[in-house]
Structure formats: C-alpha cells, structure tokens
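Trainee: I'd like to learn how to read a structure feature by feature. Could we start with what the word "buried" stands for?

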Amino acid sequence: MTTTPAPPPALPARTPPNPNPADYFDLIGTEVAGLGYRAQPEALAALKPGDMLPLKREPTNQHDANAIMVGANTMRGPKHIGYLPRVQAPWLAAMMDHGHAMYARVESMSAPGVTPPTLRVTLRMKRGAIP
C-alpha cells in the first residue's frame, strides 16, 4: 500500500513588514537550496535585493527533520521556493524551535533564465532573542 505524504505546513500569510534594521542583526549568509525543484518563475522574478522572506520550520519533512522552508510573496500569495541548506539547518532549526525570530533578506539572485537558479540571502535574527 502506498501512502501519500502530508502536504508541508502553510507559509505565513505574508512576509513581515521591513523591520527596523536596528532590531535585527545579520547572522549568516547562505544560498537557498532546491530552487530548481520548487521555485515558480514568477516568485523568483519578483524578488529584489533587500526583500524579506519568511522562514518556516518543517519538522515533519520526510527527508530532513531539521528542514527550514524559505518563502516568497507573489501576486497569488506566499509560495514555498526552497530550503535553507541541510548543513546549516540543524543549529538554525534548534534556534527557531526555541522561539528565535529569523527572516531571510535577499542579497542577490541569478539572471532570469539561468539554470539552475541561485538565490543568495542573509539570515537575520531579532536582537535580544539569544538568552
């Protein structure tokens, strides 16, 4: 008997408004993984440097219990475009699971039509979130 995997949890309804930069600090720069599999072209085309992207834990992911989804807003609502890299996910997931607020800020992306697409982001964490 074949079972159908459960759909991933929904992304936040919208990206949070651009926070006051003084309230957040840069944690780490990285590339978003899986864009070639997940990202819709309209979601990537709408991104620009400085955009804030929502992050959402996916502890029930069948491939990686530390998975962290990266989202993007489109005219049709938020879309799941990829994941944070598996090598960084364990410690970031632990921080998110303990309530630390984090978002991804777009730094750069590949030109339209480049295959596979690339998206470089900086993860930002709210000040005062580390005990």
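Mentor: Sure. Buried means under 20% relative accessible area, exposed means over 50%, and partly exposed sits in between. Keep in mind that this is a predicted model. Now try R124: at a relative accessible area of 8%, R124 falls under the 20% cut-off and so counts as buried. Across the protein chain, 40% of the 131 residues are buried.

Trainee: Before we go further, how many helices and strands does the protein chain have?

Mentor: The protein chain has 3 helices and 7 strands. Going along the sequence, the order is β-α-α-β-β-β-β-α-β-β.

Trainee: Back to R124, then. Which side chain does R124 meet in a salt bridge?

Mentor: The general idea goes like this: side chains of opposite charge can pair when their charged atoms come close. Here, R124 forms a salt bridge with D26, at 2.7 Å from N to O. R124 belongs to strand β7 (residues 119-126) and D26 to strand β1, so this pair ties together parts 98 residues apart in sequence.

Trainee: Is D26 itself buried or partly exposed?

Mentor: D26 is partly exposed, because its relative accessibility is 43%. D26 also has a salt bridge with R105, this one at 3.4 Å, N to O. Since R105 lies in strand β6 (residues 102-109) and D26 in strand β1 (residues 24-31), that contact links parts 79 residues apart in sequence.

Trainee: What else does the side chain of R105 meet in a salt bridge?

Mentor: R105 meets E107, with an N to O distance of 2.7 Å. E107 is partly exposed, at a relative accessible area of 31%. Follow the shared partners and you get one network made of D26, R105, E107 and R124. For the whole structure, the search finds 5 salt bridges.

Trainee: Now the strands. In which sense do β6 and β7 pair, parallel or antiparallel?

Mentor: To read a pairing, look for bridges between two strands: DSSP has to find at least two. β6 and β7 pair in the antiparallel sense, over 7 bridges. As a landmark, M109 stands opposite L119 in β7. β6 also runs antiparallel to strand β2 (residues 52-53), joined by 2 bridges, and there L53 has A104 as its bridge partner in β6.

Trainee: L53 and L119 sound like core residues. Which residues have the most contacts inside the largest nonpolar core?

Mentor: They are L47, L53, L55, I81 and L119, in a core of 23 residues. The elements giving two or more residues to this core are α2, β4 (68-74), α3 (89-97), β6 and β7.

Trainee: And pockets? How much space lies in the second largest pocket?

Mentor: About 280 Å³. With a pocket, check the volume, then ask who lines the space. Of the 15 lining residues, P41, L44, P112, G113 and P117 are the closest to the centre of the second largest pocket. Two helices, α1 (35-38) and α2 (41-45), each supply at least two residues of that lining. The largest share comes from α2, with 3 residues.

Trainee: How do the residues of that lining divide into nonpolar, polar and charged?

Mentor: The lining has 11 nonpolar and 4 polar residues, and no charged ones. Notice that α2 turns up twice in our tour: α2 gives two or more residues to the largest nonpolar core, and α2 also helps line the second largest pocket.

Note on methods. Residues are numbered from 1 along each chain as its sequence is written. This is a predicted model: local features need pLDDT of at least 70, side-chain atom pairs count only at pLDDT 80 or more; totals for chains, interfaces and linings use all residues. Side-chain values use heavy atoms; hydrogens and water are left out. On a 1 Å grid over the protein atoms alone, a cavity is a set of points where a 1.4 Å probe fits but cannot get out, and a pocket is an open set with protein on both sides within 12 Å along at least five of seven lines; lining residues have an atom within 4 Å of a point. Grid points are joined across faces, edges and corners, and a volume is the space filled by probe spheres set on the points. Helices (H or I, at least four residues) and strands (E, at least two) are DSSP runs, numbered from the N terminus. Ala, Val, Leu, Ile, Met, Phe, Trp, Tyr, Cys and Pro count as nonpolar, Asp, Glu, Lys and Arg as charged, and the others, Gly among them, as polar. A salt bridge is a side-chain nitrogen of Lys or Arg within 4 Å of a carboxyl oxygen of Asp or Glu. Buried means under 20% relative accessible area, exposed over 50%, partly exposed in between (1.4 Å probe, protein chains only). A nonpolar core is a set of buried Ala, Val, Leu, Ile, Met, Phe, Trp, Tyr and Cys residues joined through side-chain atoms within 4.5 Å.
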